[in-house]
Amino acid sequence: MTDQLISARAVRKAYGRTEALRGVSLDISAGEKLAITGPSGSGKSTLLLSLAGILRPEAGEISYDGRRLDDLSEAERTRLRRREFGVVLQFGQLVPELTAVENVALPLMLERHARASADRIARGWLERLDAGALADVVPGELSGGEAQRVALARALVTSPRVIFADEPTGALDTVAGEQVLVALYDAAKETGAAIVMVTHDNRVAARADREVRMLDGTIA
Amino acid sequence: MIGLGWRLALAAGQGRAMLLAGCTAIVCGLLLVTQTIAMLPQYPDESLYSVVADAGTRGGFAFGAAMLSVPALLLLFQAVRLGTSARERRLAALRLAGATPGEVRRIGAVEVGVPAAVGAVAGIGVFLLLRLFFGGVSMRGCCEEGVTFYSAGVRFVPTSVTPAWWQFALTVVLVAGLGVVVGLAADRRVVVSPLGLTRRHDPRPPRPWGVVLLLGGVMAGAAMLVFWRDSDVVDVAAPLVAIVLLVGGLVSLAPWTAYVIGRRVARRARTGPVLLAARRLASDPRPAGRAAAAVGGIGLVAGGSAAMVAGILDDVQPEDRGYYLGAIGLVGVALLISLVAVVGSLAVHSVESLLDGKRSVASLAALGGSSELVARAQRAEIGLVAVPMGVGGTLLGAVLLGAALAGITLLWLLATVAAVLVMAALVWAAIGLALLLTGPWLRAATDPGNLRTA
């Protein structure tokens with residue numbers, strides 16, 4: 001936990017007249033498991049999406065591995081996300097028309113992997129997350145927990161250095177949520193990826209190395 | 001109810017209302033032109049464009065004018081679905097406020113019916129404008145009876161005859177009603193509940209019933225030409241009936257084509273955009289099929305025209321060619337106008353598919369998929385249906401219409417190849433133009449910020 005991987009300094013972000021982030025500063029180390037908690041509307045998701053380079057803050061700096069994210073063009077940030085980050089959202093957000101294995105293979109295909117090789121790697125990840133049997137099923141036929149495991153495989157398939165997860169267990173029952181968390185932590189441990197996770201759930205936050213609590217757009 | 005429907009029609013956006021009104025205005029204007037041409041006596045006392053002036057070819061021109069309303073109606077079908085997401089929220093809110101399903105359906109019909117009716121009335125203006133700019137020039141009293149006057153310019157709307165007031169009224173009512181029917185057809189699978197709206201997805205893959213129409217077209221045309229060749233009426237009617245059946249067949253084959261191509265390409269796709277496009281086509285082929293449906297019909301007429309050109313160059317004396325080639329040139333202009341309507345249909349489909357899949361598009365962007373990637377997927381989705389439909393239609397037209405009427409020669413082969421290449425290029429350009437029009441929606445849809453709100 002010594003190498004600083006992500007650094008945010010005095011980050012501000014507003015939606016119209018509502019300030020979602022009011023000068024947030026935060027450091028995340030390589031391999032660290034960080035939980036961002038707080039009540040609804042406190043700015044948790046905005047912070048996570050800003051750290052992942054998905055949202056662009058109005059003021060402040062966010063650096064990843066020494067590179068300023070706000071200096072990068074949209075195309076460069078897109079490529080960075082594709083290669084270095086994995087993103088898991090509350091409802092999985094799988095592409096509904098693609099099968100599970102195609103969803104998982106998609107990030108590799110975007111990186112110009114051959115279809116056969118991308119499929120092979122994707123199936124491997126689905127097997128590791130105990131979702132091998134779901135490979136040829138479309139998202140509409142998956143349960144919430146199954147869809148989240150597929151989304152997790154999709155986030156992990158490029159071997160990212162950071163996994164950003166926004167309430168990954170928020171829409172799941174306790175058992176399914178536990179399975180997804182175990183899978184996420186096991187995979188991150190195996191690959192050495194850092195986890196930055198937004199959660200409402202204290203039990204989920206307790207698994208993290210560190211918890212950051214947000215309140216009204218600042219770290220409490 | 002009408003007041004509420006009107007306010008909702010305005011809430012749906014002026015762009016959508018204007019597009020709906022524009023489509024019905026064009027259809028109404030074209031039908032009035034068709035009727036006016038049909039009312040002409042054998043020797044009208046005005047100078048008109050040769051094909052209209054000649055009683056023998058006039059029917060074919062009127063038929064072509066009426067057929068031009070097909071792409072406009074297909075665009076209307078697409079336009080009804082424009083802004084569906086916001087409309088769905090409005091209708092669900094109405095249900096929550098206490099409206100019954102029947103009331104919501106009626107409000108939906110008014111929402112489409114009002115702009116359609118306004119457009120139909122405006123169609124009279126379209127007709128008058130066409131008559132102003134392309135109207136025949138009166139020759140009354142200049143010569144004896146029984147003379148056909150040919151104009152130098154493209155004057156194809158008769159001015160010596162005018163439909164009666166009841167014909168205007170009937171056409172307006174018919175077109176407005178047609179607009180409502182098309183609107184209701186677009187919404188027939190929609191179930192609005194107070195908690196939101198669901199679209200009853202038809203799980204059955206489309207069937208190639210259009211082949212029956214295609215075969216019907218071939219057989220009807222062939223039978224009439226073989227058995228009643230001597231009849232002047234059948235000689236003109238046979239190709240027209242065949243064209244209607246063939247165009248109908250191609251239009252109804254479009255969703256099946258989308259489904260078959262989607263399934264086949266998905267298995268072999270090597271890139272992300274093509275895989276996304278093919279799977280979208282395979283899982284819901286009807287919207288893309290409908291958007292590209294008119295391309296098949298356009299190709300059919302283009303292929304037939306190309307073969308006819310070859311026949312004219314082979315058989316007709318050079319000094320007489322101008323008459324026929326001019327008429328075919330007019331067909332080319334009509335096809336280009338139809339292609340503009342197709343651009344509109346493709347653009348509306350593209351916008352709707354982006355808005356329908358807003359959340360998955362945003363998550364794709366979060367994964368590292370750029371807006372260029374989504375644009376490539378959109379282009380592939382439309383291209384996978386539209387290009388084969390255009391090329392297939394052109395080949396069919398060249399073989400069935402052209403070869404039957406003009407014969408198969410080396411010139412026919414060259415004309416067919418040229419027509420296929422031009423059609424493929426035009427369809428590709430139309431897709432590019434449609435995507436250019438949808439650029440702002442595409443960039444908005446791929447904004448990862450949508451993950452917060454989508």
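Modeller: Let's start with a term: a residue is buried under 20% relative accessible area, exposed over 50% and partly exposed in between (1.4 Å probe, protein chains only). At 26% relative accessibility, D201(A) counts as partly exposed, while R203(A) is exposed with 58%. What you see is a predicted model, where local features need pLDDT of at least 70, side-chain atom pairs count only at pLDDT 80 or more, and totals for chains, interfaces and linings use all residues; side-chain values use heavy atoms, without hydrogens and water. Residues are numbered from 1 along each chain as its sequence is written; chains are lettered from A and ligands numbered from 1 in the order in which they are written.

Biologist: How many of the residues in chain A are buried, as a percentage?

Modeller: Buried residues make up 58% of the 220 in chain A. That chain has seven helices and ten strands, taken as DSSP runs numbered from the N terminus (helices H or I, at least four residues; strands E, at least two).

Biologist: Which side chains meet D201(A) and R115(A) in a salt bridge?

Modeller: Side chains of opposite charge can pair when their charged atoms come close. The term asks for a side-chain nitrogen of Lys or Arg within 4 Å of a carboxyl oxygen of Asp or Glu. D201(A) meets R203(A) at 3.7 Å, N to O. R115(A) meets D119(A) at 3.5 Å, and both of these residues are buried. They sit four residues apart in helix α4 (residues 115–128) of chain A, so about one helical turn separates them.

Biologist: How buried or exposed are R81(A) and E74(A)?

Modeller: R81(A) is buried at 1% relative accessibility, whereas E74(A) is partly exposed at 37%. These two also form a salt bridge, with their closest N and O atoms 3.9 Å apart.

Biologist: How many residues does the contact take from chain A and from chain B?

Modeller: Contact means heavy atoms within 4.5 Å. Here 26 residues come from chain A and 27 from chain B. The chain A side divides into 15 nonpolar, five polar and six charged residues; Ala, Val, Leu, Ile, Met, Phe, Trp, Tyr, Cys and Pro count as nonpolar, Asp, Glu, Lys and Arg as charged, and the others, Gly among them, as polar.

Biologist: What is the count of salt bridges between chain A and chain B?

Modeller: There is one. E102(A) pairs with R279(B), the closest N and O atoms being 2.7 Å apart. Our earlier pair returns here: E102(A), R115(A), D119(A) and R279(B) are linked in a network of salt bridges.
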